[in-house]
Structure formats: structure tokens, C-alpha cells
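Below are some points on the packing of this model, set out for a colleague who has the coordinates open.

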Amino acid sequence: MGAGSWGTVFAKILADAGTPVTLWARREAVAEAVAARHRNPDYYPDIELPALVSATTDAAEALRGADLVVLSVPSQTLRGNLADWSDHLEPTATLLSLMKGIELGSTARMTEVIAEVTGAPQSRIAVLSGPNLAREIAEEQPTASVVACIDHGRAVDVQKAVTTAYFRPYTNTDVVGCELGGAVKNVIALAYGMAAGMGMGDNTKATIITRGLAETTRLGLRLGADPATFAGLAGLGDLVATCSSPLSRNHTFGEQLGLGATLEEAARVTKQTAEGVKSCRSITDLAGKVGVEMPICDAVERVCHEGLDPRAAVALLMGRETKPETDSLRSDNAR
């Protein structure tokens, strides 16, 4: 459900794994192009989609009989979309979230929004996360990912449905950790991009990745995640890919801010949703609710929404009180 960059590529993965796919598109022109020419002209005019991929703008048609429903819309639109779709969901369907964000206002993770709106138990809801830059996967460059669900058997079912020669999924039962890794890395990638835009070097960038991972782990520990998740594909793997790649929307958006662009100017350059711009607010709100320090995320939020100059943000971060490196990453200190 969603024919954007990642939704389109994930439809290709499923089809290449042998699963027939109906791709729901909001725009008629996109659905017609996918159905008639097997291409998404908005994102991948040069990539031919498999014959097993069809498309429609009719949500009820797309969902009819589906035993795996893949949700791939901007995170802040999920609740409204699901309200329209819920009546058409099969009662035993697995609901798989590809989204990497925290809802504004409620500070809910995407699986929590899915459960609340649809009434589905958490055992039917899964999340997929990892170093998954859509363009590289569209070109069938090898990568790995994680399917997380509290019902391990259901995670294995999804794993089997999306395994291809170029896409290798692992399983995990730590839904909280996988979701937080995917959401927070977008904000850290904005900070990394800002540093790149300001001409800062590899020491600075490595520091942002490492301390960004520490912030993510602190929040995860407070919310009951397994710390090992953050050393894996949904944590460090996704963080490195999103921070360092020019294919990353959050990296590119942050880089524009570092070069002196306004939010509006940066948005015109990226052309696609940079999830971290909105998620930085909901993530800092969530951290505040549970009493976790996330100074890099705080700084990004102030740059994006309070007009703080990125150079001033660097000065604030570097001027913080010094402290031990790992004390706050131990589970006994996370609460």
C-alpha cells in the first residue's frame, strides 16, 4: 500500500521472490503505467517491474484476499490512510510496516498506530528495517534486512516471502528496537548531512554516527528493546547507510541545511519526504516523556524547527559537560 520509492521496490522484491503483488497507488497515472508498462514513471522510469506486479488506485481491490499487507506511506499519514483501509483488511492478514518514523502528537511507533487503528494484535504486525536504500535494491545490488515480529513464526513466513538472490532478510522478535533504529537514524542522518554541508571531515562524521547510535540505544533500553538489536542491521547497518549515502533523502536534506538552505529550499532539492524533519520533533517528545537525553536529536530539532544555525548547534554539542562514554548505555542506568 503505497507506490513511492520504497513501496515500488518492495513490490519488485516480493514479485522476484515469486509472490503476486497488487500495488496500490494514489495517482491513476502511476497505476496505469505500472499495469501497462511495468514501470513507475515517478521514481524508476528505467526499472522494469516483474510481470507479477499489478497496480490499482482502488484500496479495496488491492486488499481483497491479501494475506500479507505491506504498508509503505509517509509515517505521519499512516493513521489517516489506515482509517480508510481497515474495513478491507482480511482478518488474519499479516500487516508489515516499512515505515521509519514516530507519530507526531501521540509519539507512537508505527506498529502501535497499526494496532490502535486496525485492532489487530501485535502478533499479526511486523516491521522490516535495515540498510535498504531503495535505488540500490531496485538495481539488485545485494543487501540484507530484518523482519521483526513478536510472533517468530510469522516473521519467518514474511522472511520466506521476500528472500531473493539480492535481498537477504533475517528475523528478530525485538519490534521496539527495530522500529526505533529505523526512526532515529533519519534524524542522525540529518545531522551527518549538515556536517557534510559545512565541510566537516570524517572524524566529525564518525562521531555523529557513534554518538547517534548511543542516543538510539539509550532510548531503546528505556523502552524495553534488546541492546543487541542496535548493533545489527536495523541499528548500526541502517544508520551507516542512511548517514553516508547521497541516495539518502535525510542525508541530502541535512547537507542542504549545512550549506545554508532554508527548510523550503532543502525540500525542493530532495523532492521526496525526508522523514527525519518531522520525526525529530516526535522523537525528542518521546525522549522527554521517558527521561532520556538525546542531544543530537535535540539539536536537529532546533535547527529544523526553531531556526538554530547548524554551526551554533555544533558549538552547543561540543560545549556540553563531559562525562563517561558508556555509563548511560548499561541497562541498569537506562531507567
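1. What covers the buried residues of helix 5? The model is a predicted one. In helix 5, residues 110-118, the buried positions are Met110, Thr111, Val113, Ile114 and Ala115. Their cover includes two helical elements, helix 4 and helix 8 (175-197). It also includes strand 3 (68-71), strand 4 (94-97) and strand 5 (125-129).

2. The two sides of helix 5 in sequence deserve a look at the backbone. After the helix comes Gly119, with a positive phi near 80 degrees. Before the helix, in the loop that joins strand 4 to helix 5, sits Thr107. Thr107 is not a glycine, yet its phi is positive, near 55 degrees. With a relative accessible area of 7%, Thr107 is buried, since the cut-off is under 20%.

3. Glu140 also has a positive phi in a residue other than glycine, near 65 degrees. Its place is the loop between helix 6 (134-138) and strand 6 (143-148). Glu140 is partly exposed, at 41% relative accessible area.

4. How many aromatic pairs does a search of the whole structure find? The search gives three. One of them joins Phe10 and Phe167, edge-to-face, with 6.4 Å from centre to centre and 85 degrees between the planes. Phe10 belongs to helix 1 (residues 5-16) and Phe167 to strand 7 (residues 167-172), so this pair ties together parts 157 residues apart in sequence. Phe10 is buried at 1% relative accessibility, and Phe167 is buried at 0%.

5. The rings of Trp24 and Trp85 have centres 5.1 Å apart and planes at 70 degrees, so this pair is edge-to-face. It links distant parts of the chain, 61 residues apart: Trp24 is in strand 1 (residues 21-24) and Trp85 in helix 4 (residues 78-85). Trp24 and Trp85 are both buried. Separately, ring pairs join Trp6, Phe10 and Phe167 into a cluster.

6. Val162 touches both Phe10 and Phe167. Leaving out residues up to four places away in sequence, the other residues that Val162 touches are Ile13, Leu14, Ala17 and Pro169. Val162 is in the loop between helix 7 (152-161) and strand 7, and is buried at 0% relative accessibility. From Val162 to Val127 the C-alpha distance is 13 Å, with their positions 35 residues apart in sequence.

7. Thr8 is a buried residue of another kind to check. Thr8 is in helix 1, and its relative accessible area is 1%, which counts as buried. Beyond residues up to four places away in sequence, Thr8 touches Gly2, Ala3, Leu23, Asn40, Tyr44 and Leu49.

8. Two helix pairs remain. Two packed helices are described by the angle between their axes and the distance between the axes. For helix 8 and helix 9 (residues 202-222), the axes come within 9 Å and cross at roughly 155 degrees. Helix 8 and helix 9 are therefore roughly antiparallel, as the angle is over 145 degrees. Their crossing is right-handed. From helix 8 the contact uses Leu180, Gly181, Val184, Ile188, Ala191, Tyr192, Ala195 and Ala196. From helix 9 it uses Thr204, Lys205, Ile208, Ile209, Gly212, Glu215, Thr216, Leu219 and Gly220. By class, the residues of this contact are 10 nonpolar, five polar and two charged.

9. Is the second pair, helix 11 and helix 12, oblique or roughly parallel? Helix 11 (residues 249-258) and helix 12 (residues 263-270) pack at about 140 degrees, with axes 9 Å apart. Helix 11 and helix 12 are therefore oblique to each other. The crossing of helix 11 and helix 12 is right-handed. Helix 11 contributes Arg249, Thr252, Phe253, Gln256 and Leu257 to the contact, and helix 12 contributes Leu263, Ala266, Ala267, Val269 and Thr270. This contact of helix 11 with helix 12 has six nonpolar, three polar and one charged residues.

Conventions: Residues numbered from 1 in each chain as written. Predicted model: local features only at pLDDT ≥ 70, side-chain atom pairs only at ≥ 80, totals over all residues. Heavy atoms only, no water. Phe/Tyr/Trp six-rings, centres within 6.5 Å; stacked < 30°, edge-to-face > 60°. Helix = DSSP H or I, 4+ residues; strand = E, 2+ residues; numbered from the N terminus. Buried < 20%, exposed > 50% of the residue type's maximum accessible area, 1.4 Å probe, protein only. Contact = heavy atoms within 4.5 Å. Axes fitted to C-alpha atoms, helices over the stretch in contact; angles between N-to-C directions. Parallel < 35°, antiparallel > 145°, perpendicular 65-115°, else oblique. Left-handed = near helix turned anticlockwise from the far one by under 90°. Nonpolar A, V, L, I, M, F, W, Y, C, P; charged D, E, K, R; others polar.
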